[in-house]
Amino acid sequence: MSQRSHVEVGGWVARHYDLMMDLLLLGRYQSFIEKAIRRMQIRHGDAILDLGSGTGRNICVMLRVLDRTGRVVGVDISQEMLQQARQRCHAYPQVTFLNRRIEEPLSFHEEFDKAFISFTLHGFEDEDKERVIANTYQALKPGGIFWILDYNEFDLDRQWFPLRWAFRHFECELASEFLSLDLKGLLAHHGFGSFVTHPFLRGYVRLL
């Protein structure tokens, strides 16, 4: 993993990740995630792959729609995150968690209706982003949908000074580069198309 990346979360940050996100969005993180996941148009029996599934909070929102014919597989590298996720989702037998690196080869092949990645893709070097995208394409059924919740494209240098300062001090260098990445072009190179964008948080974030 590149030293420029902050994708791997452990220790105090992993244990308090949900609280940090709540504070960052002034208590609106849960409602923000719920709105984004509603846009995914999840069906009762969908099989969903959650890449970088973290503490399982997003999966809990998905489970409100899924019934027992649906299933979710969460993949994360952090044991501390996975421990929280397993506790949170212990009552749902249709949820499985795997301790894997999502940029390394995964064993899935045309198994999922939807894949989801939330605020994780921006933290990889470009060659690892491509590996994640290729893994996802392989894991999806024909016609499956890959949903990416992450930063939108914008010019950081033209933003309000406190936003610029916070972004450059609290995000990794790769996140700044992600703001100008042709993500649709990268996805198209790996076989994805028919892009739809849902903007959030004044357009600074998008569900693609």
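This passage describes salt bridges, a pocket and a nonpolar surface patch in a predicted model.

A search of the whole structure finds ten salt bridges. In one of them, Lys-114 is paired with Asp-46, and the closest N and O atoms of the two residues are 2.7 Å apart. Lys-114 belongs to strand E4 (residues 112-118), whereas Asp-46 lies in the loop between helix H3 (29-38) and strand E1 (47-51), so the pair ties together parts that are 68 residues apart in sequence. Lys-114 counts as buried because its relative accessibility is 3%, under the cut-off of 20%, and Asp-46 is likewise buried, with a relative accessible area of 2%.

Another salt bridge is formed by the side chains of Lys-141 and Asp-113, with a distance of 3.3 Å from N to O. This pair, too, links distant parts of the chain, since Lys-141 is in strand E5 and Asp-113 is in strand E4, 28 residues apart. Lys-141 is partly exposed, with a relative accessible area of 32%, while Asp-113, at 16% relative accessibility, counts as buried.

A salt bridge within a helix is found between Asp-126 and Lys-129, whose closest N and O atoms are 3.2 Å apart. Asp-126 and Lys-129 are three residues apart in helix H6 (residues 126-139), and they are therefore separated by about one helical turn. In this pair Asp-126 counts as partly exposed, at 39% relative accessibility, whereas Lys-129 counts as buried, at 2% relative accessibility. Elsewhere, Arg-43, Asp-46 and Lys-114 are joined into one network by salt bridges that share partners.

The second largest pocket has a volume of about 360 Å³. It is lined by 18 residues, of which Gly-144, Ile-145, Phe-146, Phe-192 and Gly-193 are the closest to its centre. Strand E5 (residues 140-151) gives the most to the lining of this pocket, contributing nine residues. When the lining residues are divided by character, twelve are nonpolar, five are polar and one is charged.

Turning to the surface, Phe-161, Trp-165 and Phe-170 make a nonpolar patch of about 390 Å². Phe-161, one of the residues of this patch, lies in helix H7, which covers residues 161-170. Phe-161 counts as exposed because its relative accessibility is 51%, and the cut-off for this class is over 50%.

Notes
Residues are numbered from 1 along each chain as its sequence is written. This is a predicted model: local features need pLDDT of at least 70, side-chain atom pairs count only at pLDDT 80 or more; totals for chains, interfaces and linings use all residues. Side-chain values use heavy atoms; hydrogens and water are left out. On a 1 Å grid over the protein atoms alone, a cavity is a set of points where a 1.4 Å probe fits but cannot get out, and a pocket is an open set with protein on both sides within 12 Å along at least five of seven lines; lining residues have an atom within 4 Å of a point. Grid points are joined across faces, edges and corners, and a volume is the space filled by probe spheres set on the points. Helices (H or I, at least four residues) and strands (E, at least two) are DSSP runs, numbered from the N terminus. Ala, Val, Leu, Ile, Met, Phe, Trp, Tyr, Cys and Pro count as nonpolar, Asp, Glu, Lys and Arg as charged, and the others, Gly among them, as polar. Patches are made of residues with over 30% relative accessible area and no salt bridge: like charges are joined within 9 Å, nonpolar side chains (Val, Leu, Ile, Met, Phe, Trp, Tyr) within 5 Å. Accessible areas come from the Shrake-Rupley method with a 1.4 Å probe; for residues, only the protein chains shown count as cover. A salt bridge is a side-chain nitrogen of Lys or Arg within 4 Å of a carboxyl oxygen of Asp or Glu. Buried means under 20% relative accessible area, exposed over 50%, partly exposed in between (1.4 Å probe, protein chains only).
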